[in-house]
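Good morning, colleagues. I would ask you to keep the sequence and the model in view while I speak.

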Amino acid sequence: MSNTQLFDLEGKVIVITGSTGTLAGSVARYLCSQGARIMFLGRSQQKLEDAIEKCRASTPRGDCIGSIGDVLDRSTLERARNRALEKWGKIDALINGAGGNMSGATITPDKDFADLDYDAFQKVVELNLNGSVLPSLVFAPSIVEAGNGTIINFTSAAAPQAITRVVGYSAAKSAVENFTRWLAVDLARSTSGRVRVNAVMPGFFIGEQNRRLLTNEDGSLTDRGDRIVANTPFGRFGNADELHGAVHYLLADASKFVTGTVLAVDGGFSAFSGV
């Protein structure tokens with residue numbers, strides 16, 4: 001196999017949840033530019049239309065469509081799956097990029113654990129964990145049927161170590177890591193290694209959800225933003241396009257003997273003790 005073939009994504013059909021957001025959206029546009037056929041999944045019709053328009057503007061010859069899909073609503077996911085199969089005849093990969101946090105599941109500096117909003121905690125766990133499990137349940141059979149395929153989950157630098165305040169998000173993403181390994185083993189054994197499951201672990205990237213937490217209105221860093229950058233050996237936040245190579249590798253034949261891994265894209269954050 002040539003070096004070109006090792007990284008060839010031409011014609012692969014990839015479904016991406018959360019692709020109306022910053023990171024998964026950037027990944028979706030990039031993969032489309034590499035010749036993959038991309039289905040954007042999101043809950044908002046307007047955001048989907050905006051994402052598709054942006055994708056087609058950046059990759060005029062790209063093949064991308066949008067479909068309403070709630071990662072916690074099986075019927076909408078099944079409709080999206082059927083639409084992808086009707087249009088392209090197969091599904092090669094699923095990227096579980098949907099997720100997020102909410103204020104009630106976060107411990108603010110003026111509160112402690114006893115103030116945690118348990119309902120919010122449950123919702124964050126449901127969105128991040130169940131929102132990776134349910135799409136995998138719906139799309140995995142089609143990926144298996146296609147012959148060779150991949151599932152990629154998004155975890156977080158908040159998963160392998162304790163990061164203050166984000167108790168719900170940390171717990172959920174830790175569970176996503178474990179689910180990644182469990183599903184990787186299960187599908188490796190049932191498909192003789194034809195279907196692989198891995199995760200990417202983004203470090204700290206600024207998106208709409210965390211912008212106010214990490215930056216002030218004038219663009220300067222908050223105290224928390226300063227601490228994160230100080231504990232990132234690269235000395236900065238990540239840029240969305242810096243996830244592209246990691247995802248590309250995990251989708252391509254270059255990683256065909258790689259499964260059950262969590263690939264950190266974090267500027268060294270997870271390797272540094274802060275001392």
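I shall discuss the nonpolar cores, one covered helix, a helix pair, and several individual residues.

Please bear in mind throughout that this is a predicted model.

Let me begin with the interior. In soluble globular proteins, nonpolar side chains tend to be buried together. Here the largest nonpolar core comprises 33 residues. Within this core, the residues with the most contacts are I14, L31, I38, F40, I95 and L251. Two or more residues each are given by strand 1 (13-17), helix 2 (22-33), strand 2 (37-42), helix 3 (45-58), strand 4 (93-96), strand 5 and helix 9 (244-251). Which element supplies the largest share of this core? It is helix 2, with seven residues. Separate from this core there is another, of 25 residues, including I65, L134, I143 and V195.

L31 illustrates how the larger assembly is connected. Setting aside residues up to four places away in sequence, L31 touches L9, I14, I16, A36, I38, I95, V247 and L251.

Two of those partners, V247 and L251, are among the buried residues of helix 9. How many of the eight residues of helix 9 are buried? The count is six, so the helix is mostly covered. The buried set consists of H244, A246, V247, H248, L250 and L251. Their cover includes strand 1, helix 2, strand 4, strand 5, strand 6 and strand 7 (262-265).

Helix 2 also contains G25. With a relative accessibility of 0%, G25 counts as buried. Beyond its neighbours within four places in sequence, G25 is in contact with G18 and S19. From G25 to G147, the C-alpha separation is 26 Å, across 122 residues of sequence.

I turn now to a helix pair. Two packed helices are described by the angle between their axes and the distance between the axes. For helix 4 (residues 74-88) and helix 5 (residues 118-146), the angle is about 25 degrees and the axes lie 10 Å apart. Angles under 35 degrees count as roughly parallel, which means that helix 4 is roughly parallel to helix 5. Their crossing is right-handed. On the helix 4 side, the contact involves R74, L77, E78, A80, R81 and L85; on the helix 5 side, L134, P135, L137, V138, F139 and S142. By class, this contact has eight nonpolar, one polar and three charged residues.

After helix 4, in the loop leading to strand 4, we find D92. Is D92 buried or exposed? D92 is buried, with a relative accessible area of 7%. Not counting residues up to four places away in sequence, D92 touches G11, K12, V13, I143, A146, N148, G149 and T150. The C-alpha atoms of D92 and F269 are separated by 32 Å, with these positions 177 residues apart along the chain.

Finally, some backbone geometry. Most residues other than glycine have a negative phi, and most peptide bonds are trans. Where do we find positive values here? R165 has a phi near 85 degrees, and S192 has a phi near 55 degrees. R165 belongs to the loop between strand 5 (149-154) and helix 6 (167-191), while S192 sits in the loop between helix 6 and strand 6 (195-202). As for accessibility, R165 is partly exposed, with a relative accessible area of 22%, whereas S192 is exposed, at 70%.

Thank you for your attention.

Conventions. Residues numbered from 1 in each chain as written. Predicted model: local features only at pLDDT ≥ 70, side-chain atom pairs only at ≥ 80, totals over all residues. Heavy atoms only, no water. Axes fitted to C-alpha atoms, helices over the stretch in contact; angles between N-to-C directions. Helix = DSSP H or I, 4+ residues; strand = E, 2+ residues; numbered from the N terminus. Parallel < 35°, antiparallel > 145°, perpendicular 65-115°, else oblique. Left-handed = near helix turned anticlockwise from the far one by under 90°. Contact = heavy atoms within 4.5 Å. Nonpolar A, V, L, I, M, F, W, Y, C, P; charged D, E, K, R; others polar. Buried < 20%, exposed > 50% of the residue type's maximum accessible area, 1.4 Å probe, protein only. Core = buried A, V, L, I, M, F, W, Y, C linked by side-chain atoms within 4.5 Å.
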